[in-house]
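Me: Please take me through this structure by question and answer, with each term explained where it arises.

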Amino acid sequence: MTHSSQSDEFYPAGGLNTVSYDLRADLDRKVFEDPIPFYSDLAQRLVGPAGDPVLELGCGTGRISAAIAEKGISVEGLDLSNAMLDQARDKYPDLTWHHGNMCDFDLGREFGLIIIPFRGLQEVTDADDQRRVLERAFAHLKPGGVVALDLIDPDLRYCLPEGDPEVVELPLFPMPDGVGQPGSHLRITAMERTNDPLTQQFKEHWRFEEIGADGATLRREDAWHHLRWVHRSEMRLMLELSGFVSITEFSDFKGNPPRYATNQIWIAKRPD
């Protein structure tokens, strides 16, 4: 899910971060809520196999688009990272993938449903650019079409200027097929995080290491992930200013009402 100038910096071609993305996403889906059924079921309910196509913004390696396509629904994906799109094209060659910036894309047609999953809007780190994303989504929806997205609802205790110095090491992953030396593993460590409350931006330091069978570090890469948190009232206002109506918000993918410091799940409609 990559949408700003940082995309190829945080997801470089051949980088350990890029090749391990699906492994981490699978872990995230086991620890937290899995968004894939929500988006694929939404596509089934709103458009279905006989309806208008679906567009995924920030499609990454294409897993959600592929799940929607399995239901017989026409779907396309757009992402700014060439490295991530290469994986999508390799894994799902029958689907349509677009290289572009979700802030200013123009595909020349309309869709029945546009989704921005996996907190993709937060990877756009400028407030004006986030508005532009919603405006471009609005422009690509047919009348009555729907946009759906999810965000982290910020816990303000962790958004203070001092940031978060805590270091968290994830469980060791097997190296992806065809990557690294035989028998090696991937170690991913979330390092420190710094916050800028004025712009609502935070920067996470991630370390990726290939660990050999003997425990030696064979390869190390450091990357910095930039995100912008969005408050619920701000998100609703951005949707309204972009022209959306029938705005609905939840705290999870099961449709529960808004709750502080959980998730923000938004569904909004372009007027008929």
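Reply: A salt bridge is a side-chain nitrogen of Lys or Arg within 4 Å of a carboxyl oxygen of Asp or Glu. This is a predicted model, in which local features need pLDDT of at least 70 and side-chain atom pairs count only at pLDDT 80 or more, while totals for chains, interfaces and linings use all residues. Residues are numbered from 1 along each chain as its sequence is written, and side-chain values use heavy atoms, with hydrogens and water left out.

Me: How far apart, N to O, are the side chains of Asp-272 and Lys-269 in their salt bridge?
Reply: Side chains of opposite charge can pair when their charged atoms come close. Asp-272 is exposed, at 74% relative accessibility, and Lys-269 is partly exposed, at 25%. Here buried means under 20% relative accessible area, exposed over 50%, and partly exposed in between (1.4 Å probe, protein chains only). The N to O distance between Asp-272 and Lys-269 is 3.3 Å.

Me: Which residue forms a salt bridge with Arg-109?
Reply: The closest N and O atoms of this pair are 2.4 Å apart. The pair links distant parts of the chain, 33 residues apart: Arg-109 is in the loop between strand E3 (96–99) and strand E4 (111–116), and its partner is in strand E2 (residues 75–79). Helices (H or I, at least four residues) and strands (E, at least two) are DSSP runs, numbered from the N terminus. Arg-109 is partly exposed, with a relative accessible area of 36%, whereas the partner is buried at 10%, and that partner is Glu-76.

Me: Which residues are joined with Arg-236 into one network by salt bridges that share partners?
Reply: Arg-236 and Glu-249 meet in a salt bridge of 3.1 Å, N to O. Arg-236 lies in helix H8 (residues 232–241) and Glu-249 in strand E11 (residues 245–250), so this pair ties together parts 13 residues apart in sequence. Arg-236 is partly exposed, with a relative accessible area of 26%, and Glu-249 is buried, at 18%. Salt bridges that share partners join Arg-236 into one network with Asp-153, Arg-232 and Glu-249.

Me: How many aromatic pairs does the structure hold?
Reply: Rings of Phe, Tyr and Trp (its six-membered ring) pair if their centres lie within 6.5 Å; planes under 30 degrees apart count as stacked, over 60 as edge-to-face and the rest as tilted. By this definition, the number of aromatic pairs in the structure is six.

Me: Why is the pair of Phe-38 and Tyr-39 classed as it is?
Reply: Phe-38 and Tyr-39 are both buried. Their ring centres are 5.0 Å apart and their planes stand at 80 degrees, so the pair is edge-to-face.

Me: Which residue forms an aromatic pair with Phe-202?
Reply: The two rings are stacked, 6.1 Å centre to centre with 20 degrees between the planes. Phe-202 is in strand E9 (residues 201–211), and the partner, 27 residues apart from Phe-202, is in the loop between strand E10 (217–228) and H8. Both residues are buried, and the partner is Trp-229.

Me: With which residues is Thr-262 in contact, leaving aside its neighbours within four places in sequence?
Reply: Thr-262 is found in the loop between E11 and strand E12 (263–269). Thr-262 is buried, with a relative accessible area of 17%. Contact means heavy atoms within 4.5 Å. Leaving aside those sequence neighbours, Thr-262 is in contact with Ile-152, Asp-153, Arg-232 and Ser-251.
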